[in-house]
Amino acid sequence: MNSFTLQTRSRTDFIKIDRQVADFVHETGLEEGVVTVFIPHTTAGITINENADPDVTADMELVLDRAVPWEGGYAHFEGNTAAHVKASMMGTSAQVIVSGGQLQLGTWQSLYFCEFDGPRTRQVWVKGISER
């Protein structure tokens with residue numbers, strides 16, 4: 001397993017992590033297989049979504065804030081229930097096929113680290129499994 005650190009900039013932040021994951025694939029020599037990206041945090045997640053238009057992540061933030069507002073009469077004493085729910089909605093892991101030593105993402109796809117309780121220093125764990 002490998003890991004890398006991210007510094008998020010705001011309460012909600014979507015950070016493209018394709019380069020870091022592709023670097024891991026290259027450094028480990030993984031040619032054919034799958035790479036799993038895991039987020040070991042309860043108020044952050046991961047998603048695969050469009051990378052061409054930054055309005056997509058802005059709209060995702062807007063929709064998530066509408067669905068799970070920060071003020072909602074929640075019982076959790078730390079005051080970050082919305083972040084926990086949003087992280088659960090995104091999920092803690094994503095898998096990407098690796099072929100020819102390259103991540104097999106669609107034309108408009110990228111991996112995004114999703115921060116919901118920032119700014120913070122976060123970890124991303126990466127594990128590759130070879131088909132051979």
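**Arginine 9, the helices and the cores**

Student: Is arginine 9 buried or exposed in this model?

Tutor: Arginine 9 counts as exposed, because its relative accessibility is 60%, and exposure begins over 50%. Bear in mind that this is a predicted model.

Student: Where is arginine 9 found, and what is it in contact with, leaving aside its neighbours within four places in sequence?

Tutor: Arginine 9 sits in the loop between β1 and β2, and, once the neighbours within four places in sequence are set aside, it is in contact with Ile15 and Pro119. The pairing with proline 119 spans the chain, since the two residues are 110 residues apart in sequence while their C-alpha atoms are 4.9 Å apart in space.

Student: OK, stepping back, how many helices and strands are there?

Tutor: The protein chain has three helices and eight strands, and along the sequence they follow the pattern β-β-α-β-β-α-α-β-β-β-β. Among the contacts with a separation of 6 or more, 80% are made by residues 24 or more positions apart.

Student: And what is its radius of gyration, against what a compact globule would have?

Tutor: The protein chain has a radius of gyration of 16 Å, and a compact globule with 132 residues would have one near 14 Å, which agrees. Taken along the principal axes, the C-alpha atoms fill a box of roughly 50 × 30 × 20 Å.

Student: How much of the chain counts as buried?

Tutor: Of the 132 residues, 42% count as buried, while the chain exposes about 7,300 Å², of which carbon and sulfur atoms supply 50%.

Student: Which residues have the most contacts inside the largest nonpolar core?

Tutor: That core has 21 residues, and those with the most contacts inside it are Ile17, Val21, Val35, Leu111, Phe113 and Val124. The elements giving two or more residues to this core are β1 (2-7), α1 (18-28), β3 (32-38), β4, β5 (93-99), β7 and β8 (121-130). Another core lies apart from it, made of twelve residues that include Phe14, Val56, Leu64 and Ala82.

Student: What does isoleucine 17 touch, not counting residues up to four places away in sequence?

Tutor: With those residues left out, isoleucine 17 touches Phe4, Leu6, Val37, Ile46, Leu111, Phe113 and Val124.

Student: Switching to α2, which of its residues are buried?

Tutor: The buried residues of α2 are Val56, Thr57, Met60 and Leu64. Seen down the helix axis they fall within an arc of 95°, so they line one face of the helix. What covers them includes β2 (13-16), β4 (44-50), α3 (81-90) and β7 (109-115).

Student: How far apart are the end C-alpha atoms of α2?

Tutor: They are 18 Å apart, and this agrees with the 18 Å that the 13 residues of α2 (residues 55-67) should span at 1.5 Å a residue.

Student: What about α3, which of its residues are buried?

Tutor: In α3, Thr81, Ala82, Ala83, Lys86 and Ala87 are buried, and the buried residues of this helix pack against β4 and α2. Glycine 91 follows α3, and its phi is positive, near 100°.

Student: Last one: is threonine 47 buried or exposed?

Tutor: Threonine 47, which is found in strand β4, counts as buried because its relative accessibility is 15%, and buried means under 20%. Not counting residues up to four places away in sequence, threonine 47 touches Met60, Met90, Ser110, Leu111, Tyr112 and Cys114.

Methods: Residues numbered from 1 in each chain as written. Predicted model: local features only at pLDDT ≥ 70, side-chain atom pairs only at ≥ 80, totals over all residues. Heavy atoms only, no water. Helix = DSSP H or I, 4+ residues; strand = E, 2+ residues; numbered from the N terminus. Expected span 1.5 Å × (residues − 1). Buried < 20%, exposed > 50% of the residue type's maximum accessible area, 1.4 Å probe, protein only. Arc of directions from axis to C-beta. Contact = heavy atoms within 4.5 Å. Rg over C-alpha atoms; globule rule 2.2 N^0.38 Å. Areas by Shrake-Rupley, 256 points an atom, 1.4 Å probe, with all protein chains shown as cover. Core = buried A, V, L, I, M, F, W, Y, C linked by side-chain atoms within 4.5 Å.
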